[in-house]
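Please examine the structure shown below, and then follow the explanation from the packing of two helices to the chain as a whole and finally to one residue.

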Amino acid sequence: MDDDPLVLELVERSISRYGFEVVTTRAALGVANLLRTEQPDIVLLDVNIPALSGDRILGVVRQFAGPDTLFILYSSMDESKLRELVRASGADGYIPKGVTGPELALKLSGLHHKRMANRPTPPAARGESVLQRDVAAPQSQSTTAQVSMASR
């Protein structure tokens, strides 16, 4: 999510080349709709949005995301301030806007792989009986991450 259409286009072009499926929005309120319909793996939220900043949007929209969705703050502000916003907002991390396309793709891939590696292994994959398992929402088995980006 970013309110600057040029930033959205640049990020989309940059990381699409590295296998990411990208869905963008310029509207802060559009994030909740995207989360419901797209169920992205990663959401980049611009922090400097006039109406509602990305760190505040996070508190409102997290309920619409899947349990494995990563929320990453994306801003050109000072990194020490970004780290503090991550702690205060409950975001999963941050990426400075000065990061180039290949580096952005690498950082997103690293965050996604780290999250997937930390997921609990289902009982069937561990060779355990699944007769007593609760029914849960299906989880994506995709090997590529989907990134939703909302504008600032």
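**Two helices that cross**

In this predicted model, helices α1 and α5 are roughly perpendicular to each other, because the angle between them falls in the range of 65 to 115 degrees. Two packed helices are described by the angle between their axes and the distance between the axes. Here, the axes of α1 (residues 5-16) and α5 (residues 101-117) cross at roughly 70 degrees and come within 8 Å. Which residues meet where these helices pack? From α1, Val 11, Ser 14 and Ile 15 take part, and they meet Gly 101, Leu 104, Ala 105 and Leu 108 of α5.

The two helices belong to a regular order of elements. The chain holds 5 helices and 5 strands, and from the N terminus on they follow the pattern α-β-α-β-α-β-α-β-α-β. Among contacts with a separation of 6 or more, 66% join residues that lie 24 or more positions apart.

The next topic is the interior. Of the 152 residues in the chain, 43% are buried. In soluble globular proteins, nonpolar side chains tend to be buried together. The largest nonpolar core of this model has 19 residues, and Leu 45, Ile 57, Phe 71 and Leu 73 are the ones that touch the most other members. At least two residues of this core come from each of α2 (30-38), β2 (42-46), α3 (54-61), β3 (70-75) and α4. Another core, of 15 residues, lies apart from it and includes Val 7, Ile 15, Phe 20 and Tyr 74. Ile 15 is also one of the α1 residues that meet α5.

The outside can be described as well. The accessible surface of the chain comes to about 8700 Å², and carbon and sulfur atoms account for 52% of this area.

Finally, consider a single residue, Ser 89, which is located in helix α4 (residues 79-89). Is Ser 89 buried or exposed? Its relative accessibility is 18%, and since buried means under 20%, Ser 89 counts as buried. The side chain of Ser 89 reaches two backbone atoms: the oxygen of Leu 85 at 2.7 Å and the nitrogen of Ala 91 at 3.3 Å. When neighbours within four places in sequence are left aside, Ser 89 is in contact with Asp 55, Leu 58 and Leu 73. Leu 73 has already appeared in the largest nonpolar core, as one of the residues that touch the most other members.

Technical notes
Residues numbered from 1 in each chain as written. Predicted model: local features only at pLDDT ≥ 70, side-chain atom pairs only at ≥ 80, totals over all residues. Heavy atoms only, no water. Helix = DSSP H or I, 4+ residues; strand = E, 2+ residues; numbered from the N terminus. Buried < 20%, exposed > 50% of the residue type's maximum accessible area, 1.4 Å probe, protein only. Polar contact = N/O pair within 3.5 Å; in protein donor to acceptor, adjacent residues only side chain to side chain. Contact = heavy atoms within 4.5 Å. Areas by Shrake-Rupley, 256 points an atom, 1.4 Å probe, with all protein chains shown as cover. Core = buried A, V, L, I, M, F, W, Y, C linked by side-chain atoms within 4.5 Å. Axes fitted to C-alpha atoms, helices over the stretch in contact; angles between N-to-C directions. Parallel < 35°, antiparallel > 145°, perpendicular 65-115°, else oblique.
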